[in-house]
Amino acid sequence: MGGIKVEKIKSWIVGGSLFDQFNLCVVGATTLLLLCTCTVQLRALGKTMTPRFLIFWNSQHIDTTPQRVYENNGYLTISANGGLNQMRAGICDMVAIAKYLNVTLVVPELDSTSLWHDSSQFQDLFDVNYFITSLRDEVPILKQLPEEQKRRVKNGSIYTMEPHSWSNLGYYYYQILPKIKEHEVVHFNKTDFRLVNNGIPIEFQKLRCQVNYEALKFTPTIAEVGKKIVKLLRQKGPFLVLHLRYEMDMVAFSGCNEGCNETEVDELTKLRYGTPWWGQKVINSGLKRKVGGCPLTPEETALALQALDIDPSIQIYIAAGNIYGGERRMAALRAAFPNLVRKETLLAPSELKPFRKHSNMKAALDYIVAIESDIFVPTYGGNMAKLVQGHRRYLGYKITISLDAQLLVNVIDQYKKGGLNWEEVSQEVKTGHADRMGSPTQRMEIPENPMHEGYFYSNPQECLPPVGKISKST
């Protein structure tokens, strides 16, 4: 690979007897009935064939989509947990599970108890009416439970549970469906990683994609502001979105303190120990970094982008919250790539006012910009990195550089100690990332350990053109 330069980025009525006329009417009516039947069948097939066949047509004719004949087994309510992208993936899984179990899904409740304390609910982030209508031939979705079921909930008869992680559809059929039939309403208090990546019938894999890429449409307010950011960036040429996952919560959670001073290390440790749902407390930062388990620092990121020959004049949009350590930690990256921008520098304060106290809304803006970018580079394999990568694959394998943290920290450390010169560093980094550019690849399967498989939402291969040549999953 010879690097990624801006220039390379720059380089779809008949007469007759009354009897004859009667026969003609009968034939015409029969033909019309057959045509209508074929149309309905084609529209149903459009949901199970390749996603690009009939999907656009369906999305433009939502009002005529036939409702599915449905035998309701009960109701499923859910509380999606985590940040925007973790909740997004969980919602996609829950729709697939609801269809499989023939149950009615209630519009998800979003997490307001996470570290960010964002009070945004589903209708604040997504077009709720579109979500319900676009899926009505797959799963019945209600904004709230019917009155009779509401009374059951108030009487305490609702069954609340946390479904097992990485479970297959058999678990939901044999373990969950009987509970729904018994209690009529079952509530899932967690939705993250509750469905396996592989071994799912293709119609349900395609449904997960339909929900993710079609039904979960951001509200007009979010979409318009996101499009404006993209337009402002495009006016000045190509741009790269850097998901610099170096906010305080991530640094504390990971236990990685490379480049932090003693005061910061102490502050991060206190936050980690003070957050009860973060299970791991004692972390060897140096060892974890060596094996590639840490988010890259801004300084390491600067060297990685330089080694890949990213043009120093390209616009780099920082898709992240406040970087821990502030300008002190951003100095090296800014020196190497002076055209750093953020939504806060591109938009007037009044335009961002509705998003000020809503981290998930701001994450939605970053998601829109990341999807549209010429290059997307995440510095840590978190939920946004994974979902954006999968979405960009779905849109045609747009350049997404999955940085190999283990390779990078090893090469960078050798360079700092004088063991490698810059030309050697650049060559090693380019060679090591030649197959990590978002190109087609086969998702890795480990049936006995689904947690460590290739993640479905990073590479939704059932919804993509077939992979001609099997290569290592990244």
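Which residue in β9 is the bridge partner of Ile 316? To reach the answer, it helps to begin with how the model was made and read. The structure is a predicted model, in which local features need pLDDT of at least 70 and side-chain atom pairs count only at pLDDT 80 or more, while totals for chains, interfaces and linings use all residues. Residues are numbered from 1 along each chain as its sequence is written, and side-chain values use heavy atoms, with hydrogens and water left out. Helices (H or I, at least four residues) and strands (E, at least two) are DSSP runs, numbered from the N terminus.

The residue sought is Leu 340, the partner of Ile 316 in β9. This pair belongs to the contact between strand β8 (residues 315–318) and β9, which run parallel and are joined by two bridges. Two strands are said to pair if DSSP finds at least two bridges between them. In general, strands of a sheet pair through backbone hydrogen bonds, either parallel or antiparallel.

The wider setting is an open sheet of four strands in the order β9-β8-β7-β10, with parallel pairing. At its edges stand β9 (340–341) and β10 (375–378), each with a single partner strand, so one side of each is left without a neighbour in the sheet. Helix α18 (residues 359–372) packs on this sheet and touches β7 (239–243), β8 and β10; contact here means heavy atoms within 4.5 Å. The direction of α18 makes about 135° with that of β7.

Another strand, β1 (residues 75–80), is mostly covered, for six of its six residues are buried. Buried means under 20% relative accessible area, with exposed over 50% and partly exposed in between (1.4 Å probe, protein chains only). In a regular strand the side chains alternate between the two faces of the sheet. In β1, Tyr 75, Thr 77 and Ser 79 lie on one side and Leu 76, Ile 78 and Ala 80 on the other, and all are buried. Two bridges join β1 to the parallel strand β2 (residues 104–106), where Leu 105 stands opposite Leu 76.

Attention now turns to the helices. Axes are lines fitted to C-alpha atoms, for helices over the stretch in contact, and angles run from 0 to 180 degrees between N-to-C directions. Angles under 35 degrees count as roughly parallel, over 145 as roughly antiparallel, 65 to 115 as roughly perpendicular and the rest as oblique. The axes of α14 (residues 298–307) and α15 (residues 327–336) come within 7 Å and cross at roughly 15°, and the two helices are therefore roughly parallel to each other. Their crossing is left-handed, a term used if the near helix is turned anticlockwise from the far one by less than a right angle; a clockwise turn is right-handed.

Helix α4 (residues 84–101) has contacts with α19 and with α9. The axes of α4 and α19 (residues 383–394) come within 8 Å and cross at roughly 55°, so the helices are oblique to each other. In this left-handed crossing, Asn 85, Gln 86, Arg 88 and Ala 89 of α4 meet Asn 383, Met 384 and Leu 387 of α19.

With α9 (residues 202–215), the axis of α4 comes within 9 Å and crosses at roughly 135°; α4 and α9 are therefore also oblique to each other. This crossing is right-handed. Among the residues in contact are Arg 88 and Cys 92 of α4 and Phe 204 and Leu 207 of α9.
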